[in-house]
Amino acid sequence: MSKEKRKKTILILLCILAVLLVAIFLTNHSTAKSESIREVMRDGVLHETEKIRFLGLIDVNPAFISAVTVTCILLGIAALIRIFVIPKFKMVPGKFQLLLEEWVGMFDRLAKTNSPHRNGFLGAYVFAAGTYIFCGTCFELFGIQAVTTQGTSMSLPAPLSDINAAIAMGCLSYGIIMSGGIAGNGVRGVGKTLKDFSLPISMSFRLFGALLSGLLVTELVYYYINLSFVLPVIVGILFTLLHALIQSYVLTMLTAVFYGEVSAPSAKKPKAAKKKNVAKTQQAAA
């Protein structure tokens, strides 16, 4: 790049920055906030006032609408891939086929590494859970609008930013872990799983807290007009993508690790060793 082009680029960037600063200065004093920052944060967590009418039957949290939307979209995409894409797979994969194989293979390797004894169903579950968490978290980036019961418009949040959805995901993962214990060790596997009775609580609140923190930080940035130019885009995208990747990995990893522990077959003493021990005991007694 020549010096003249560099000077022009720098000049354009400085002009854009100057325009943004002027806009911030002009709008900072004229904007009236209808809600306090405390109310904004509370609505972001509890959704006491921002509810949406679902099918004209019941008022629900916006995250529920997001969950239904994401689920329908993922099921539709899965059906299309199964019907139109998978039958056309080749020995030498194309870009899309390679992407699918890597995505599925990543979760399959995660399951086989942490649960070498039983991993067929585990691989399917961690794939589904990881995909849902990642896509559900990225869903809020699209800014899909919905009308609340009060007639106002709002962007649909990530499904798991609602504590009820996070608890449901944690309890479902705990149920999968328990099913692995029962399949591997019967009733003894239930005892192994119940030892970690706090696991669904920790998984739920870890997932909820991580996703909610990104939502609250973005709300905080948007609330103050000084910060509502350019910065929310950077903050929102970075927090959303970071949480999507981290939480997908954390929950699937924890599920695979605990599943592998409870489904591992318990060590049993050979019958011959038991007979020798009984014989030795009888001789000692005689």
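How many Å should the 19 residues of α5 span, and how far apart are its end C-alpha atoms? Keep that in mind as you open this predicted model.

**Stop 1: α5.** Select α5, residues 120-138. At 1.5 Å a residue, its 19 residues should span 27 Å. The end C-alpha atoms are 28 Å apart, which agrees with that expected span.

**Stop 2: the buried residues of α5.** Stay on this helix and colour its buried residues. They are L122, G123, Y125, V126, A129, G130, T131, Y132, I133, G136, T137 and C138. An α-helix has 3.6 residues a turn, so residues three or four places apart point the same way.

**Stop 3: M169.** Now select M169. M169 touches Y125, A129, Y132 and I133, among others. Those four are buried residues of α5. Add L160, L207 and L251 to the selection, since M169 touches them too.

**Stop 4: the core.** Zoom out a little. The largest nonpolar core has 31 residues. M169 and L251 have the most contacts inside this core. Show the helices that give two or more residues to the core: α3 (62-85), α4 (95-114), α5 (120-138), α6 (163-185), α8 (199-223) and α9 (231-263).

**Stop 5: two cysteines.** Go back to α5 and pick C135 and C138. Which one is buried, and which is partly exposed? C135 is partly exposed, because its relative accessible area is 28%. C138 is buried, because its value is 12%. Check their sulfur atoms next. The sulfur of C135 is 6.8 Å from that of C138, its closest cysteine sulfur, which is too far for a bond. C138 is in no disulfide. Search the whole structure and you will find 0 disulfides.

Definitions and conventions
Residues are numbered from 1 along each chain as its sequence is written. This is a predicted model: local features need pLDDT of at least 70, side-chain atom pairs count only at pLDDT 80 or more; totals for chains, interfaces and linings use all residues. Side-chain values use heavy atoms; hydrogens and water are left out. A nonpolar core is a set of buried Ala, Val, Leu, Ile, Met, Phe, Trp, Tyr and Cys residues joined through side-chain atoms within 4.5 Å. Buried means under 20% relative accessible area, exposed over 50%, partly exposed in between (1.4 Å probe, protein chains only). Contact means heavy atoms within 4.5 Å. The expected span of a helix is 1.5 Å times one less than its number of residues. A disulfide is a pair of cysteine sulfur atoms within 2.5 Å.
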